[in-house]
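Hi,

Here is the structure I promised to pass on. Have a look at it first, and my notes follow underneath.

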Amino acid sequence: MDFFDSLIEKTLKEISDFSSEEYAYSEKDSWQDIGVNQVILQRDTLCELDGVGFNLVTSKPVKDKITVIGPDLQKIKSNCSFARVSVIEIDSEEDEQAAYNLIRKIEYTKYHTFPEGYMIRTSSKGSKEVVRVAKSACKNKISFQKVGSLFIKKYKENPAVKGVNIIFITDPKADFGYFEKAAEKNHDITETLNHAINNLNFDCNTCKLKPVCDEVEGMKELHFKTKMGKQ
Ligand code: SF4
């Protein structure tokens, strides 16, 4: 699966000039998952992180780690902009349909992860991710390393997930507009992949997905191959 590789490259380049902290994944240090949705009231909230969260999958090797760019949770004292990018190595799937299904399955991880005192509100379409951090979680020493380790543990419940670099960005100097656009692009590539696998309509001149196909190597060939296979 290399359809997202160029977006991964651009995204890693986007953050390459920022100083960052890197932490090893530690399953035993994972933050507690309370297993259900929680409501953190305004009066119990330390801060809100407002931004996007999305996954970028690849078949290239990815080392398990947590990367933090900007202040960690213990240092954030007021609401701030935020982005979470999970770069995920998956088994190299020969079958694109299986790869697409896997991408969707991995996406559901965020709807089944409930870090204590870290309330995540999302919308799948726009990749919006707003996190409310509880004062109590701060007292209990919550950190991105611990929350990130919990996410990695959850991703890895799927045996096709081989490695995860989860990147949290809170540096106010970061271009958060870039991450919004990258999240949209990620969504568009996934939708185009779905179209190329399942739709027999092959008319590039009228197809609204053409800008994605022009940019992502191999997508047109995939659609053509699928069409030929189904005829
Ligand atoms: S190959 Fe052509 S028809 Fe197929 S998704 Fe891309 S632009 Fe659309």
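**Helix 4**

In helix 4, the buried residues are F144, V147, G148, S149, L150, F151, I152, K154 and Y155. Before you read on, keep in mind that this is a predicted model. With nine of its 12 residues buried, helix 4 is largely enclosed by the rest of the structure. The geometry agrees with expectation too: at 1.5 Å a residue, the 12 residues of helix 4 (residues 144–155) should span 16 Å, and the end C-alpha atoms are indeed 16 Å apart.

**The loop before it**

K141 sits in the loop between helix 3 and helix 4. The backbone is worth a glance here, as phi of K141 is near 70°, a positive value in a residue other than glycine. Relative accessibility for K141 is 54%, and since the cut-off for exposed is over 50%, K141 counts as exposed.

**K135 in helix 3**

Going back a little in sequence, K135 belongs to helix 3 (residues 135–139). K135 is partly exposed, at a relative accessible area of 41%. Not counting residues up to four places away in sequence, K135 touches R43, D44, T45 and L46. K13, on the other hand, is 122 residues from K135 in sequence and 34 Å from K135 in space, C-alpha to C-alpha.

**T190 in helix 5**

Is T190 buried or exposed? T190 has 4% relative accessibility, so this residue counts as buried. Its place is in helix 5 (residues 176–198). If you leave aside neighbours within four places in sequence, T190 is in contact with F4, Y100, I103 and R104. Take Y100 from that list: T190 and Y100 are 90 residues apart in sequence, yet their C-alpha atoms are 7.5 Å apart in space.

**The ligand site**

I saved the ligand for last. Which residues surround the ligand? They are H195, F202, D203, C204, C207, K210, C213, K220 and H223. By class, that shell has four nonpolar, two polar and three charged residues. Helix 6 (210–215) and helix 7 (219–230) each supply at least two residues of the shell. As for the cavities, the space taken by the ligand is the largest one.

That's what I have for now. Shout if anything is unclear.

Cheers

Key:
Residues are numbered from 1 along each chain as its sequence is written. This is a predicted model: local features need pLDDT of at least 70, side-chain atom pairs count only at pLDDT 80 or more; totals for chains, interfaces and linings use all residues. Side-chain values use heavy atoms; hydrogens and water are left out. A residue is near a molecule or strand if one of its heavy atoms lies within 4 Å of it. On a 1 Å grid over the protein atoms alone, a cavity is a set of points where a 1.4 Å probe fits but cannot get out, and a pocket is an open set with protein on both sides within 12 Å along at least five of seven lines; lining residues have an atom within 4 Å of a point. A molecule sits in a cavity or pocket if more than half of its atoms lie within 2 Å of its grid points. Helices (H or I, at least four residues) and strands (E, at least two) are DSSP runs, numbered from the N terminus. Ala, Val, Leu, Ile, Met, Phe, Trp, Tyr, Cys and Pro count as nonpolar, Asp, Glu, Lys and Arg as charged, and the others, Gly among them, as polar. The expected span of a helix is 1.5 Å times one less than its number of residues. Buried means under 20% relative accessible area, exposed over 50%, partly exposed in between (1.4 Å probe, protein chains only). Contact means heavy atoms within 4.5 Å.
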